[in-house]
Amino acid sequence: MSHDVILDAENVVKHFGGGDWLSRTPVVQAVDGVSLQVRRGETYAIVGESGCGKSTLARVLMGLLAPTAGHVRFDGRAVGAASGADLQVLRQDMQFIFQDPFSSLNPRMSVGKLVGEPLEVHAPELSAQQRRDRVADLLRKVGLRAEYAGRYPHEFSGGQRQRIGIARALASGPKLIIGDEPVSALDVSVQAQVINLLGDLSRDMGLTLVIIAHDLGVIRHMSDRVAVMYLGQIVESGPTEDVYANPRHPYTRALLGSIPTMGGKPDGQRSTVLGDMPSPTAPPSGCRFHTRCPHAQAKCKTAPPNLKEAGTPDHQAACHFWDTLASAPPIAPTPPKTEAAAARFALYRAAVEGGTVTHKTNQSTERK
Ligand code: SF4
């Protein structure tokens, strides 16, 4: 394992269901043979449609779910095997940000208590005043006023509640934060603010981020590398800009086709996903994407493609024909499908046309 890898997953499998012959239920193959390595200090995104297994994978990476097979190592330590004091250190070093900032915060606890609670566990040596000071620091760090410590979650907007959730996650001084769709429950106008905040924190505090998302548009400007998941497996991974500029797998091209085109310019890489995702209880044989792939051939129905180098050393794709498809004729881009998508596109375009994404926190439109 390279010295700069902080999180290492090796052939992780997570199945649910089964049981004995009397109580047998279909086996859900939520995650099936995923290997990935997250480098220290980077932002790594895991993207795919609902039901592709990305949230289950996130929970296995955190040690919240035990894998059916495979291994996860964090900073050299086995995640699944940790217990007692080791588990406490692991919990301190790895934190989780939830999708819904409202339901993840206890409504009966003040913001000061919510953010201060992890300090009671992980820094019991602090006096009450020192803890209050740390809470004030953390609130300021996420762009909130220190005096908000006396308020309750219902008094805040969705974006502010997510900031409180981030402050709580930061309280234990983690090395890595996993965010499960951390902005998908927020208004489009607030998403960019929270994304920029996470970018700021990652850069300023040397944090490693793993971001789970269903929308490639959300992670484009905040992640260094991306893994695209389909039906429990990674089908493409690589540096984010390379994956966007040169998507190798037909599924990635289809996902890119589901977000608005930048500047409305055809890029020759886009298509749309055909039909629904098959059930994870009965994934298709061969390439799992063959039932929806416009390029499927006979081999695709029988032979599973391996994830292998595709074009550049750090870019991998699981497709038998990625190299011939890369030079396939352009497919017409799809226009924004909804008002929300159009608004999101306008937001991203504004960010891009203002330069590379700045990672500057902009709270001007958020209610204080
Ligand atoms: Fe499509 Fe075949 Fe490639 Fe699978 S292996 S993505 S079915 S072309």
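Analyst: Welcome! A strand here is a DSSP run of E with at least two residues, and strands are numbered from the N terminus. The model we are looking at is predicted. The protein has eleven helices and twelve strands, and N11 sits in strand β1, residues 5–18.

User: Why is N11 called exposed?

Analyst: N11 has 12 other C-beta atoms within 10 Å. A residue counts as exposed if that number is 12 or fewer, so N11 is exposed.

User: What makes the phi of N11 worth a mention?

Analyst: Its sign. Most residues other than glycine have a negative phi. N11 is not a glycine, yet its phi is positive, about 50 degrees.

User: Which value does phi take in D75, and where does D75 lie?

Analyst: The phi of D75 is near 50 degrees, a positive value, and D75 is not a glycine. You will find D75 in the loop between β4 (69–74) and β5 (77–78).

User: How do you know whether D75 is buried, exposed or partly exposed?

Analyst: Count its neighbours: D75 has 17 C-beta neighbours inside 10 Å. Buried needs 20 or more, and exposed needs 12 or fewer. The value for D75 falls in between, so D75 counts as partly exposed. Of the 368 residues of the protein, 41% count as buried.

User: Let's turn to the helices. Why is α5 called roughly parallel to α6?

Analyst: Helix α5 (residues 158–170) and helix α6 (residues 188–205) pack at an angle of about 20 degrees. Angles under 35 degrees count as roughly parallel, so that is the name for α5 and α6. Their axes are 10 Å apart, and the crossing is right-handed.

User: Which residues meet where α5 and α6 pack?

Analyst: From α5 come G158, G159, Q162, R163 and I166, and they meet V190, Q193, V194 and L197 of α6. The residues of this contact divide into four nonpolar, four polar and one charged.

User: What makes R163 the charged kind in that contact?

Analyst: Arg belongs to the charged group, together with Asp, Glu and Lys. R163 is an Arg, and it is among the α5 residues that meet α6.

User: What surrounds the ligand?

Analyst: The ligand has 13 residues around it, and the closest are C287, H290, C293, C300 and C319. The shell divides into nine nonpolar, four polar and no charged residues.

User: Why does H290 not add to the charged count?

Analyst: Only Asp, Glu, Lys and Arg count as charged here, so a His such as H290 falls among the polar residues. Cys counts as nonpolar, so C287, one of the closest residues, goes into the nonpolar group.

Methods
Residues numbered from 1 in each chain as written. Predicted model: local features only at pLDDT ≥ 70, side-chain atom pairs only at ≥ 80, totals over all residues. Near = placed C-beta within 6 Å. Axes fitted to C-alpha atoms, helices over the stretch in contact; angles between N-to-C directions. Helix = DSSP H or I, 4+ residues; strand = E, 2+ residues; numbered from the N terminus. Parallel < 35°, antiparallel > 145°, perpendicular 65-115°, else oblique. Left-handed = near helix turned anticlockwise from the far one by under 90°. Contact = placed C-beta atoms within 7 Å.
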